[in-house]
Amino acid sequence: MSSPLSAVSAVAPDLSRRSIAYFSMEIALSPALPTYSGGLGMLAGDTLRSAADTSAPMVAITLAHRKGYFRQKLSDIGQQTEADVPWSPETLPSAGHTVTITIQNRPLQLQAWRFDVVGTTGHIVPVYLLDADVEGNDSWDRHLTDHLYGGDTYYRLCQEAILGLGGIALLQALGVTPEVYHMNEGHAALLTIGLLEHRVAQRIAGGSLAQATNEDREAVRQLCVFTTHTPVPAGHDQFGTDQMYQVLGHDRGAAVEAAGGIHNGLMNMSYLALSLSRYVNGVAMQHGKVSQVMFPEYKVHSITNGVHAATWLSPSFQDLFDDEIPDWRTDNRYFRSVYGIDPARISACHIKNKQKLFATLARRTGHYFNPSVLTLGFARRVATYKRAGLLLNDPARLVALAEKIGGLQILYAGKAHPADNAGKALIRDVYEAAVKLNSASLKIYYVENYDWELGALLTQGVDVWVNTPRRPYEASGTSGMKAALNGVPSLSILDGWWIEGCAENTTGWAIEDGETEAVEATSLYNKLEKAVAPLWSNPNAWAKLQQHCIGINGTFFNTHRMLSQYLSNAYFPYTDTQTRVAINAGLEKTTDITLLAKVRK
């Protein structure tokens with residue numbers, strides 16, 4: 001894997017025509033940088049990698065997170081403990097500017113570090129990581145950017161103020177004047193207040209937010225795009241108004257209220273973003289519908305997530321596609337050409353991936369797995385709604401099934417948030433089940449410290465990807481998309497992306513909805529016994545299934561396609577048909593997009 005500096009150019013990229021600013025609390029930039037926790041950060045990183053591949057005129061803002069997200073350690077009974085993963089942002093180039101914002105009624109200096117995401121053609125998308133560890137800051141303030149999703153609500157609001165307000169201040173210091181500000185989740189919503197503050201100051205010399213008008217708010221709204229990822233009301237960041245005024249000050253707090261950022265008596269970051277964005281979207285078709293019900297007073301669109309193919313495809317598949325369909329790196333629609341490849345070659349790539357996964361697990365854990373046995377993978381952030389235990393709902397049925405089909409291996413992985421005791425209990429439950437059920441025909445193992453590298457190995461190397469969320473709480477899910485790119489079918493609840501990706505017996509299988517978990521578990525076992533295992537026992541038929549996963553789902557569920565939809569539907573919705581066709585064809589040229597934005601609706 002690459003080092004932090006391997007993707008950084010010696011010369012700072014040209015910022016003069018960067019028309020899109022992408023804000024995200026976490027971004028997975030490199031396996032060497034622990035600046036992400038899971039799916040949201042991975043999506044952000046994949047988005048920027050596709051932006052670099054397709055020469056999109058983008059710049060990104062995030063936080064440095066000096067202590068990283070945690071390393072997970074599991075005891076022999078599955079008890080999770082956490083440790084910091086410290087790293088030094090000083091290994092990256094400086095942005096060359098220090099900016100100062102006022103929060104908590106005192107100045108806070110922010111430095112920034114630059115990471116360059118370099119595309120396949122050499123185009124660079126610079127990412128700026130804001131850092132509060134600056135000499136002269138209050139000693140408590142210097143740690144505000146240390147921990148991703150750490151601390152209490154007061155700490156979190158300070159972090160979100162740094163991301164939104166500090167990000168706007170940094171872009172202004174860099175001389176970047178985007179035409180679009182994309183908030184990837186509500187954490188970045190305070191950028192709208194930063195933009196409003198800047199507009200009033202430009203309009204009125206020495207003016208303050210108290211002088212903001214409806215026209216000012218509408219001007220900010222026309223600049224902003226908001227993507228919501230959370231179908232659960234409790235998942236949207238909320239803060240007490242007393243904290244809001246304490247952290248932001250009177251003028252900014254009043255501006256949040258005036259903009260519609262107060263909901264049910266609390267400062268609500270999603271409502272602030274909703275009220276000051278001209279385009280709002282969910283991250284799958286179903287999630288867009290769920291979000292529309294949650295926020296009926298706003299129009300919510302849908303743009304289904306994807307993954308960056310060149311990041312998640314195994315080396316064996318990359319070599320195969322470079323030989324057979326070499327243009328796949330810049331245009332993922334060429335994955336459809338997988339139908340011109342002998343399915344046996346696809347199967348051979350998967351066998352290599354499975355052997356690599358098992359060899360790595362043997363080195364890491366001392367446990368050995370049989371590559372000739374059907375292997376299921378379940379790996380994601382551990383939360384109760386994701387129901388890691390559904391697969392283990394009927395132990396007797398699972399044991400009997402494993403014996404009947406000639407053996408079964410189940411690999412689990414995933415981290416629970418340090419404060420999520422219910423999630424930690426789920427991990428212990430899986431451990432307990434493994435102790436009771438492991439036998440000659442059934443092997444269950446939980447792999448600790450789920451991270452970028454392990455996630456790639458699992459999605460590339462297992463035979464079937466399993467996902468069992470409680471509907472409708474899966475916004476999208478991207479791990480199954482990574483698996484599909486590598487010819488791995490899914491056996492999953494019809495929620496999130498899988499509603500769009502499931503072609504029964506072709507790209508995988510749907511677990512039928514039920515009124516109880518027992519009913520859904522029965523459907524899962526039935527599909528394993530009557531559909532999955534019989535097809536698995538026929539290598540030729542299974543190879544064609546793997547081919548369909550790539551040809552059907554790999555072609556669509558990628559960030560090249562996703563970014564193209566953001567460009568044409570959210571960022572620059574053109575009235576000019578020729579321009580829209582060009583954008584959809586992936587012909588995004590920096591100068592063209594910047595100039596033609598003038599004809600935006």
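**Exercise 1. A polar contact in a strand**

Which side chain does the side chain of Arg114 join in a polar contact? Place Arg114 in the predicted model and state whether Arg114 is buried or exposed.

Solution.
- Step 1: Find the partner. The side chain of Arg114 is joined to that of Asp116 by a polar contact of 2.8 Å.
- Step 2: Find the element. Arg114 belongs to strand β6, which covers residues 106–118.
- Step 3: Apply the cut-off. Buried means under 20% relative accessible area. Arg114 has 5% relative accessibility, so Arg114 counts as buried.

**Exercise 2. Confidence of the model**

Where does pLDDT stay under 50, and what does the protein average?

Solution.
- Step 1: Take the whole protein. The average pLDDT is 93, and 94% of the residues score at least 70.
- Step 2: Look at the beginning of the chain. Residues 1–7 stay under 50 in pLDDT, and the model has 18 contacts for them beyond four places in sequence.
- Step 3: Look at another stretch. Residues 583–601 also have a pLDDT below 50, with 47 contacts in the model beyond near neighbours in sequence.
- Step 4: Decide how to read such places. Predicted coordinates should not be read in detail where pLDDT is low.

**Exercise 3. Overall build**

How many helices and strands are there in the protein, and how does its radius of gyration stand against the globule rule?

Solution.
- Step 1: Count the elements. The protein contains 21 helices and 20 strands.
- Step 2: Compare with the rule. The radius of gyration is 24 Å and the globule rule gives 25 Å for 601 residues, so the protein is as compact as a globular protein of that length.
- Step 3: Take the outline. Along the principal axes, the C-alpha atoms fill a box of roughly 80 × 50 × 45 Å.
- Step 4: Divide inside from outside. Of the 601 residues, 60% count as buried. The protein exposes about 22,000 Å², of which carbon and sulfur atoms supply 52%.
- Step 5: Check the contacts. Among those between residues at least 6 apart in sequence, 70% join residues at least 24 apart.

**Exercise 4. The nonpolar cores**

Which residues have the most contacts inside the largest nonpolar core, and which helix gives the largest share of this core?

Solution.
- Step 1: Recall the general tendency. Nonpolar side chains tend to be buried together in soluble globular proteins.
- Step 2: Describe the largest core. It has 71 residues, and those with the most contacts inside it are Phe23, Ile103, Ile162 and Leu190.
- Step 3: Find the main contributor. Helix α2 (residues 153–174) supplies 13 residues, the largest share of this core.
- Step 4: Follow Leu190. Beyond four places in sequence, its contacts include Leu157, Ala161, Leu165, Leu248, Val256, Met267, Met269 and Leu272. Glu160 and Gly164 are also among the residues in contact with Leu190.
- Step 5: Note the other core. Apart from the largest one lies a core of 40 residues, including Leu376, Leu392, Ala402 and Val532.

**Exercise 5. Backbone in loops**

Which residues other than glycine have a positive phi in the examples Ser55 and Glu185, and where is the peptide bond from Arg471 to Pro472 placed?

Solution.
- Step 1: Take Ser55. Its phi is near 60°, a positive value in a residue other than glycine. Ser55 is in the loop between α1 (39–53) and β2 (58–63).
- Step 2: Take Glu185. Its phi is also positive, at about 80°. Glu185 is in the loop between β8 (180–184) and α3 (191–203), and at 6% relative accessibility Glu185 counts as buried.
- Step 3: Take the peptide bond. From Arg471 to Pro472 the bond is cis, with omega near 0°. Pro472 is in the loop between β18 (464–467) and α15 (479–485).

**Exercise 6. Two asparagines**

Is Asn268 buried or exposed, and what does the side chain of Asn505 contact?

Solution.
- Step 1: Place Asn268. This residue is in strand β12 (residues 266–268) and is buried, with a relative accessible area of 4%.
- Step 2: List its surroundings. The side chain of Asn268 reaches the backbone nitrogen of Ser270 at 3.0 Å. Beyond four places in sequence, Asn268 is in contact with His236, Asp237, Gln238, Gly261 and His263.
- Step 3: Place Asn505. This residue is in the loop between α16 (498–501) and β20 (508–511), and at 47% relative accessibility Asn505 counts as partly exposed.
- Step 4: List the surroundings of Asn505. Its side chain makes a polar contact of 2.8 Å with the side chain of Trp509. Beyond four places in sequence, Asn505 is in contact with Ala531 and Leu545.
- Step 5: Add a distance. The C-alpha atoms of Asn505 and Tyr245 are separated by 56 Å.

Terms used. Residues are numbered from 1 along each chain as its sequence is written. Side-chain values use heavy atoms; hydrogens and water are left out. Helices (H or I, at least four residues) and strands (E, at least two) are DSSP runs, numbered from the N terminus. Buried means under 20% relative accessible area, exposed over 50%, partly exposed in between (1.4 Å probe, protein chains only). A polar contact is a pair of N or O atoms within 3.5 Å; within protein, one must be able to donate a hydrogen and the other to accept it, and residues adjacent in sequence count only if both atoms are side-chain atoms. Contact means heavy atoms within 4.5 Å. pLDDT is the predictor's confidence in each residue, from 0 to 100. The radius of gyration is taken over C-alpha atoms; the globule rule is 2.2 Å times the number of residues to the power 0.38. Accessible areas come from the Shrake-Rupley method with a 1.4 Å probe; for residues, only the protein chains shown count as cover. A nonpolar core is a set of buried Ala, Val, Leu, Ile, Met, Phe, Trp, Tyr and Cys residues joined through side-chain atoms within 4.5 Å.
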